[in-house]
Amino acid sequence: SPNFDLNCNIKELENDSNILFKAFLKIREKYHIPYGVHVDLIKRIPMQAGLGGGSADCAAFIQGMNELFELNMKKDDMEELGASLGADVVPCMYNLALAEGIGDIITPLSTKINFNALIIKPHFSCNTQEMYKKYDEHINSIKRTRVTSKVLDILKNNLEQLHKVAKYLFENESVDAKTFKNLMEDKDFYP
């Protein structure tokens with residue numbers, strides 16, 4: 001693409017539909033940047049796992065462009081740009097935050113707890129947008145369990161208790177077994 005060169009360890013991402021390319025176009029247009037960029041992207045977060053990897057890449061790219069070209073974007077400017085590219089981009093601009101609404105209500109958090117997590121992703125992938133669309137279609141049959149306050153308390157005070165709420169950590173909702181089975185059997189659920 002003109003003025004944007006992406007080198008990625010996942011070659012299928014080296015195209016004009018990549019969120020980084022879209023961010024570059026918006027920044028170049030708004031700030032009249034006469035130069036191109038070369039981006040080396042090493043993907044470590046599994047794709048199509050609902051973990052926000054592309055959004056995190058985009059958040060870092062926006063912050064990097066701001067610094068590289070001395071654009072002097074304020075936090076609000078970067079967040080507005082990020083929100084125009086995806087709901088998860090803005091929360092990824094924070095080290096740790098509670099994101100509510102559609103990612104537009106951000107409360108920065110802090111914790112002294114340091115831990116490692118092992119993420120196991122199956123070989124199949126789910127398109128995150130499609131997954132949430134199907135989730136919304138089945139919303140009436142989903143058993144809801146609010147655990148946000150419990151998780152926040154654990155992050156602040158007592159990580160040893162995380163296992164007690166971990167089973168509910170699907171966007172603060174718990175999908176009961178029957179609904180989950182229905183979602184998995186829906187032939188349109190998988191891309």
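Is Asn72 buried or exposed? Asn72 has a relative accessible area of 65%, and anything over 50% counts as exposed, so Asn72 is exposed. Keep in mind as we go that what you're looking at is a predicted model.

Let's stay with Asn72 for a moment. You'll find Asn72 in the loop between H2 and H3. Its backbone is worth a look too: phi of Asn72 is near 55°, a positive value in a residue other than glycine. Glu70 also belongs to the loop between H2 and H3, and here phi is near 45°, again positive in a residue that isn't glycine. With a relative accessible area of 64%, Glu70 is exposed.

Follow the chain out of that loop and you come to helix H3, which spans residues 75-85. Here Met78, Glu79, Leu81, Gly82 and Leu85 are buried. Why do they sit on the same side of H3? Because they cover an arc of only 165° around the axis. Turn to the other side of H3 and you meet Asp76 and Glu80, which are exposed. As for what covers the buried residues of H3, that includes helix H1 (19-31) and helix H2 (53-68).

Those helices bring us to the inside of the model. The largest nonpolar core has 29 residues, and those with the most contacts inside it are Phe4, Leu20, Ile27, Val39, Cys58, Phe61 and Ile62. S1, H1, strand S2 (37-41), H2 and H3 each supply at least two residues of this core. H1 gives the most, with 6 residues. To get a feel for how the parts meet, pick Val39: leaving aside its neighbours within four places in sequence, Val39 is in contact with Phe4, Asp5, Leu6, Asn7, Leu20 and Phe61.

Now for the rings. The model has 4 aromatic pairs. One of them is formed by Phe4 and Phe61, and this pair is edge-to-face, with 6.2 Å centre to centre and 80° between the planes. Phe4 sits in strand S1 and Phe61 in helix H2, 57 residues apart, so the pair links distant parts of the chain. Both Phe4 and Phe61 are buried. Zoom out a little, and ring pairs link Phe4, Phe21, Phe24 and Phe61 into a cluster.

Next, have a look at Asn18, which is placed in the loop between strand S1 (4-8) and H1. Is this residue, Asn18, buried or exposed? Its relative accessibility is 8%, and under 20% counts as buried, so Asn18 is buried. What lies around Asn18? Setting aside its neighbours within four places in sequence, Asn18 is in contact with Leu6 and Leu13. There's a polar detail here as well: a polar atom of the Asn18 side chain lies 3.0 Å from the backbone oxygen of Leu13.

Finally, head further along the chain to a pair of strands. Strand S3 (residues 97-100) and strand S4 (residues 105-108) run antiparallel, joined by 4 bridges. If you want one place to see this, find Ala99, whose bridge partner in S4 is Ile106. The hairpin of S3 and S4 has 4 residues between the strands, and in this hairpin Gly101 takes a positive phi near 65°.

Methods
Residues numbered from 1 in each chain as written. Predicted model: local features only at pLDDT ≥ 70, side-chain atom pairs only at ≥ 80, totals over all residues. Heavy atoms only, no water. Buried < 20%, exposed > 50% of the residue type's maximum accessible area, 1.4 Å probe, protein only. Arc of directions from axis to C-beta. Contact = heavy atoms within 4.5 Å. Polar contact = N/O pair within 3.5 Å; in protein donor to acceptor, adjacent residues only side chain to side chain. Phe/Tyr/Trp six-rings, centres within 6.5 Å; stacked < 30°, edge-to-face > 60°. Core = buried A, V, L, I, M, F, W, Y, C linked by side-chain atoms within 4.5 Å. Pairing = 2+ DSSP bridges.
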